[in-house]
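Me: I'm new to this one and would like a close look at a single part of it. Could you take me through the first helix and what lies around it?

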Amino acid sequence: MEKINHQKIALVETLVNFYLSKDELSDKFFKSDIVWFATGLTMTEFEACKAVAQDLFMKEVSNNE
């Protein structure tokens, strides 16, 4: 069984928050965290996290319409 990777979960959460962000100050904070959490991941791992975050964002947006 694969171990839970808290770094990837935190990255997905931060990406979703970045997509939902509506102000410049929050954007800077989230961009900094994205870089922090993405450090050490392969590009494939990062892209997978990004795809999951985009999917969650789209579900959140469609639920609020």
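Reply: One term before we start: a residue counts as buried when its relative accessible area is under 20%, as exposed when that area is over 50%, and as partly exposed in between. Keep in mind, too, that this is a predicted model.

With that cut-off, take S21, which sits in the loop between α1 and α2. Its relative accessibility is 18%, so S21 counts as buried. Leaving aside residues up to four places away in sequence, S21 touches S26, D27 and F30.

Now a quick step back for the setting. The protein has three helices and zero strands, and along the sequence that reads as α-α-α. Its C-alpha atoms fill a box of roughly 35 × 25 × 15 Å along the principal axes. Of the 65 residues, 22% are buried.

On to the helix you asked about. Helix α1 covers residues 6–20, and T14 is found in it. T14 has a relative accessibility of 7%, so this residue is buried as well. What does the side chain of T14 reach? It gets to the backbone oxygen of A10, at 2.8 Å. Setting aside residues up to four places away in sequence, T14 also touches F30, D33, I34 and F37. F30 is a name you have met already, since S21 touches it too.

Helix α2 runs over residues 24–38, and K31 is one of its residues. K31 lies 17 residues from T14 along the chain, with 8.5 Å between their C-alpha atoms. Unlike the buried T14, K31 has a relative accessible area of 47%, so it is partly exposed.

Then there's the partnership with helix α3, residues 43–63: its axis and that of α1 come within 8 Å and cross at roughly 45°. Because of that angle, α1 is oblique to α3. As for handedness, the crossing is right-handed. On the α1 side, the contact is made by K8, L11, V12, L15, V16, Y19 and L20. The α3 side brings E45, F46, C49, K50, V52, A53, Q54, L56, F57 and E60. Sorted by type, the residues of this contact are twelve nonpolar, one polar and four charged.

One last thing, for the whole chain: among contacts between residues at least 6 apart in sequence, 65% join residues at least 24 apart.

How values were computed. Residues are numbered from 1 along each chain as its sequence is written. This is a predicted model: local features need pLDDT of at least 70, side-chain atom pairs count only at pLDDT 80 or more; totals for chains, interfaces and linings use all residues. Side-chain values use heavy atoms; hydrogens and water are left out. Helices (H or I, at least four residues) and strands (E, at least two) are DSSP runs, numbered from the N terminus. Buried means under 20% relative accessible area, exposed over 50%, partly exposed in between (1.4 Å probe, protein chains only). A polar contact is a pair of N or O atoms within 3.5 Å; within protein, one must be able to donate a hydrogen and the other to accept it, and residues adjacent in sequence count only if both atoms are side-chain atoms. Contact means heavy atoms within 4.5 Å. Axes are lines fitted to C-alpha atoms, for helices over the stretch in contact, and angles run from 0 to 180 degrees between N-to-C directions. Angles under 35 degrees count as roughly parallel, over 145 as roughly antiparallel, 65 to 115 as roughly perpendicular and the rest as oblique. A crossing is left-handed if the near helix is turned anticlockwise from the far one by less than a right angle, and right-handed if clockwise. Ala, Val, Leu, Ile, Met, Phe, Trp, Tyr, Cys and Pro count as nonpolar, Asp, Glu, Lys and Arg as charged, and the others, Gly among them, as polar.
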